[in-house]
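Open the model in your viewer and keep the selection panel ready. The stops below go from the whole chain to single residue pairs, then out to the ends.

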Amino acid sequence: MYRSHPNVSEGRCKKGPDTWGLVSEHCSGRSQSPVNIVTRRALQDERLTPLHLTGYQETFHSLIMNTGHGVKLDLSSKMRIQGGNLPATYKTIQLHLHWGKDGGLGSEHLIDGEQFPMEMHIVHIKEKYDSLSEAVTDRTGVAVLGFFFQTNMTKYFRYEGSLTTPDCAEAVVWTVFEDTIPLSRKQLTAFSQLQFSDGKPMVRTYRPVQPMNERPVYYSRGHVASVSTMLLILAALVPSALSLHTTA
Ligand SMILES: [Zn+2]
């Protein structure tokens with residue numbers, strides 16, 4: 001996931017992820033994201049009950065923005081997530097996407113070494129905070145839901161990690177869903193038409209996986225399956241994202 005800070009975007013566009021340690025010391029930390037999730041090492045955790053999502057069914061007005069270093073959609077903070085052993089209630093702030101080149105692979109997280117074409121991040125902060133910059137001062141200040149472009153909200157992995165762009169703050173409770181959301185190659189290829197602020201093609205907008213460093217990954221049992229209204233919203237969001245109403 002990224003932060004839309006001007007200096008940060010310079011770091012992202014001009015220098016590759018291998019030099020981010022120079023941009024911010026956090027980027028060389030011990031709890032960085034994304035990671036390769038090894039499913040046979042993930043610990044079954046009864047506390048990882050289905051997430052409760054509220055406010056996701058409300059309509060909202062927002063534009064997909066080409067920020068110059070990625071594509072994002074600001075979301076209403078009326079949307080809340082809780083449960084699933086999250087330490088607090090979190091409110092939504094934005095959604096963004098990571099992809100590869102010309103419809104190739106481009107997810108940030110890997111599952112058993114497998115990379116997927118695209119990964120969507122829905123970024124939330126604890127209710128008590130007003131901004132992402134305030135939330136990153138708290139080790140669990142940020143909660144990100146990561147989806148690989150389906151509908152099973154009960155099977156997911158959990159680990160503690162970081163923002164995936166500078167300053168890479170280690171303040172994120174990561175929830176990565178096992179199921180994938182179907183996406184055509186044509187839809188995906190459309191993303192490669194976008195450009196970074198320096199005019200270069202906006203391709204490979206993902207950070208390579210980072211060392212796990214003894215961090216446990218937990219896996220939900222996949223309790224009783226429930227159809228979520230959120231997924232209906234996502235199904236509506238993705239096609240609108242792909243029509244690419246860019247504003248910058
Ligand atoms: Zn992201």
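Helices here are DSSP runs of H or I with at least four residues, strands are runs of E with at least two, and both are numbered from the N terminus. By that count the chain has five helices and 13 strands. This is a predicted model.

**Whole chain.** Colour by pLDDT first. The chain averages 78, and 74% of its residues reach 70 or more. Now switch to burial. Of the 248 residues, 39% count as buried.

**Strand β3.** Select residues 51–54 and show side chains. They alternate. L51 and L53 point to one face and are buried. H52 and T54 point to the other face and are not buried. Next, add residues 80–83, which form strand β6. β3 and β6 run antiparallel, joined by four bridges. For one pair, pick L51: its bridge partner in β6 is G83.

**Strand β9.** Move to residues 118–126. How many of the nine residues of this strand are buried? Eight are, so β9 is largely enclosed by the rest of the structure.

Which strands pair with β9? Select residues 90–99 for β7, which pairs with β9 in the antiparallel sense over nine bridges. Zoom to H96 and H121: H121, in β9, is the bridge partner of H96. Then select residues 142–148 for β10. Seven bridges join β10 to β9, and these two strands also run antiparallel. Look for I125, which stands opposite V142 in β10.

**The nonpolar core.** Keep V142 selected and add V144 and V172. These are the residues with the most contacts inside the largest nonpolar core, which has 46 residues. Which elements give two or more residues to this core? Highlight β3, β7, β9 and β10, then add α3 (132–135), β11 (156–161) and β12 (172–180). β10 supplies the largest share, six residues. So the tour returns to strands already visited: β3, β7, β9 and β10 are among the core's contributors.

**The ends.** Go back to the pLDDT colouring and select residues 2–13. Here pLDDT is below 50. The stretch still has 26 contacts in the model beyond near neighbours in sequence. Finish with residues 243–248. Their pLDDT is also below 50, and this stretch has 15 contacts beyond near neighbours in sequence.

Definitions and conventions. Residues are numbered from 1 along each chain as its sequence is written. This is a predicted model: local features need pLDDT of at least 70, side-chain atom pairs count only at pLDDT 80 or more; totals for chains, interfaces and linings use all residues. A residue is buried if 20 or more other C-beta atoms lie within 10 Å of its own, exposed if 12 or fewer, and partly exposed in between; C-beta atoms are placed from the backbone. Two strands pair if DSSP finds at least two bridges between them. A nonpolar core is a set of buried Ala, Val, Leu, Ile, Met, Phe, Trp, Tyr and Cys residues joined through C-beta atoms within 7 Å. pLDDT is the predictor's confidence in each residue, from 0 to 100. Two residues are in contact if their C-beta atoms, placed from the backbone, lie within 7 Å.
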